[in-house]
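This report goes through one protein chain, with attention to a bent helix, some buried residues and the charged pairs. Please keep the sequence and the structure open while reading.

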Amino acid sequence: MNMNEEELLRNFEEKIDVDQKIEPRDWMPEAYRKHLIRQISQHAHSEVIGMQPEGNWINRAPSLRAKMVLLAKIQDEAGHGLYLYSAAETLGISREEMLDQLHTLKAKYSNIFNYPTLTWADIGAVGWLVDGAAIVNQVSLQRTSYGPYSRGMIRICKEESFHQRQGYEIMAQMAQGTPEQKEMAQDALNRFWWPSMMMFGPHDSNSPNTGNALRWRIKRESNDTLRQRFIDKTVQQANVIGLTIPDPDLKWNEERGHYDFGEINWEEFYAVINGNGPCNKERIDHHKKAHEEGRWVREAALAYAEKQKQETLV
Ligand code: BYC
């Protein structure tokens, strides 16, 4: 490292230490840039792949209102994906490269979207638990050190609260409905609880990326801290609507001021994030097919933009 680079690095670290945002044209260490590209692109893929389990229920929503709300939510998720892809592009990677990494399984996306949505209650569970977990994580990321990511998170969090509410409303209604409806809500909670806990990633002691992420203030809090916050919030919400969290070890710990909870099945987590979950293949195949079928739209949009450019030059 020459003198100049040492100075640049010092300058970068000073900015991080005083919580000044790093912007696309600022100097940054290569490892910081790569770390951000990995995290932001995986976050974007999660938003877009996350549209699939919900899309499965648009045609079967139980009322016109439910259908409109679900459509709006899924549309928001496409928008979140776009903000995040744009934020990653400011770091010098193209959209094509990111999609190629997704299609060749080099890039991950959230474990949670590799589970099927079998009943309407699952749409409730996704909104309540999955968006609930996402909010806890994303509120923290609003203070991330990279400017475009932080600003994207602020916009996304505003919409995410509505998503969580729509899911909780479905669960509350079903929990107060017929015994069959209540059973369906409980079954959805049983199946989505543990995968939602896994969304926060491995334990801190087993999380290779956390060290740099916290040092560079990309992540502001650790995986375990955020998971605990989510559990403490969600247990109370389950109590209010009369559903039971499927964890026999769940217990309020007066001394810690938090809930104690059972061990997560990490074998299942690693199988799912490494491509062997119940729906991994289906999700990627569907994305590839949609991407291929949309090729003509991208080409037409580019041709039109090119034509507009030529016309303004004349
Ligand atoms: N799923 O060192 P670690 C949404 C990977 S979507 C899959 O702790 P890190 C929504 C991790 O990538 C919201 N993989 O990593 C959309 C790493 O592998 P690589 C999604 C996971 O990055 C539609 C390895 O395990 N939110 O709200 O420090 C409908 C070791 O982990 C997972 C985000 O993406 C996982 N759950 O921490 C409804 C938030 N966990 O990359 C809702 C942004 C870990 O080295 N991301 N891995 O090959 C983050 O905050 C962090 O990346 C994580 C993981 C907390 C997820």
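The sections below take up these topics in turn.

## Basis

The model is predicted, and local features are reported where pLDDT is at least 70. Side-chain atom pairs are counted only at pLDDT 80 or more.

## Helix H8

Helix H8 runs over residues 179–198. Its 20 residues should span 28 Å at 1.5 Å a residue, and the end C-alpha atoms lie 30 Å apart, which agrees. The helix nevertheless bends, by about 35° at Phe-192. A proline, Pro-195, follows within four residues of the bend.

Which residues of H8 are buried? They are Ala-185, Gln-186, Ala-188, Leu-189, Phe-192, Trp-193, Trp-194, Pro-195, Ser-196, Met-197 and Met-198. Both Phe-192, where the helix bends, and Pro-195 are on this list. The buried residues of H8 pack against four helices: H6 (120–141), H7 (147–175), H10 (223–240) and H11 (266–276).

## Buried residues in H6 and H7

Two of the helices that pack against H8 are H6 and H7. Gly-132 is in helix H6. Its relative accessible area is 9%, so Gly-132 is buried, the cut-off being under 20%. Beyond residues up to four places away in sequence, Gly-132 touches Gly-127, Gln-164 and Phe-230. Gly-132 and Gln-52 are 80 residues apart in sequence, and their C-alpha atoms are 18 Å apart in space.

Ser-150 is in helix H7 and has a relative accessible area of 4%, so Ser-150 is buried as well. Residues up to four places away in sequence aside, Ser-150 touches Lys-21, Leu-141, Gln-142 and Thr-144. Ile-218 is 68 residues from Ser-150 in sequence, and the C-alpha atoms of the two are 9.3 Å apart.

## The loop between H1 and H2

Met-28 sits in the loop between helix H1 (3–17) and helix H2 (30–49). With 4% relative accessibility, Met-28 counts as buried. Not counting neighbours within four places in sequence, Met-28 is in contact with Phe-12, Ile-22, Glu-23, Arg-33, Leu-91 and Tyr-146. Met-28 and His-103 are 75 residues apart in sequence and, C-alpha to C-alpha, 29 Å apart in space.

One of the contacts of Met-28 is Glu-23, and the side chain of Glu-23 meets that of Arg-151 in a salt bridge of 2.9 Å, N to O. This pair links distant parts of the chain, with Glu-23 in the loop between H1 and H2 and Arg-151 in helix H7, 128 residues apart. Glu-23 is partly exposed at 25% relative accessibility, and Arg-151 is partly exposed at 45%.

## Other salt bridges

How many salt bridges does the count come to? The count is 20 salt bridges. Side chains of opposite charge can pair when their charged atoms come close. Among the pairs is Asp-260 with Arg-256, whose closest N and O atoms are 2.9 Å apart. Asp-260 is partly exposed at 27% relative accessibility, and Arg-256 is partly exposed at 41%.

Glu-306 also forms a salt bridge, with Lys-309, the closest N and O atoms being 3.6 Å apart. Both residues lie in helix H13 (residues 295–313), three residues apart, about one turn of the helix. An α-helix has 3.6 residues a turn, so residues three or four places apart point the same way. Glu-306 is partly exposed, with 36% relative accessibility. Elsewhere, salt bridges that share partners join Glu-54, Lys-73, Glu-77 and Asp-131 into one network.

## A buried acid without a salt bridge

Asp-76 lies in helix H4 (residues 64–89). Asp-76 is buried yet has no salt bridge. Which side chain of opposite charge is nearest to Asp-76? It is Lys-73, at 8.2 Å; a salt bridge needs the nitrogen and oxygen within 4 Å. Leaving aside neighbours within four places in sequence, Asp-76 is in contact with Glu-159, Phe-162 and His-163.

## Cysteines

The count of disulfides comes to zero. Cys-157 has 7% relative accessibility and counts as buried. Cys-279, at 5%, also counts as buried.

Technical notes. Residues are numbered from 1 along each chain as its sequence is written. Side-chain values use heavy atoms; hydrogens and water are left out. The expected span of a helix is 1.5 Å times one less than its number of residues. The bend at a residue is the angle between axes fitted to the seven residues ending there and the seven starting there. Buried means under 20% relative accessible area, exposed over 50%, partly exposed in between (1.4 Å probe, protein chains only). Contact means heavy atoms within 4.5 Å. A disulfide is a pair of cysteine sulfur atoms within 2.5 Å. Lys and Arg count as positive and Asp and Glu as negative; His and the chain ends are not counted.
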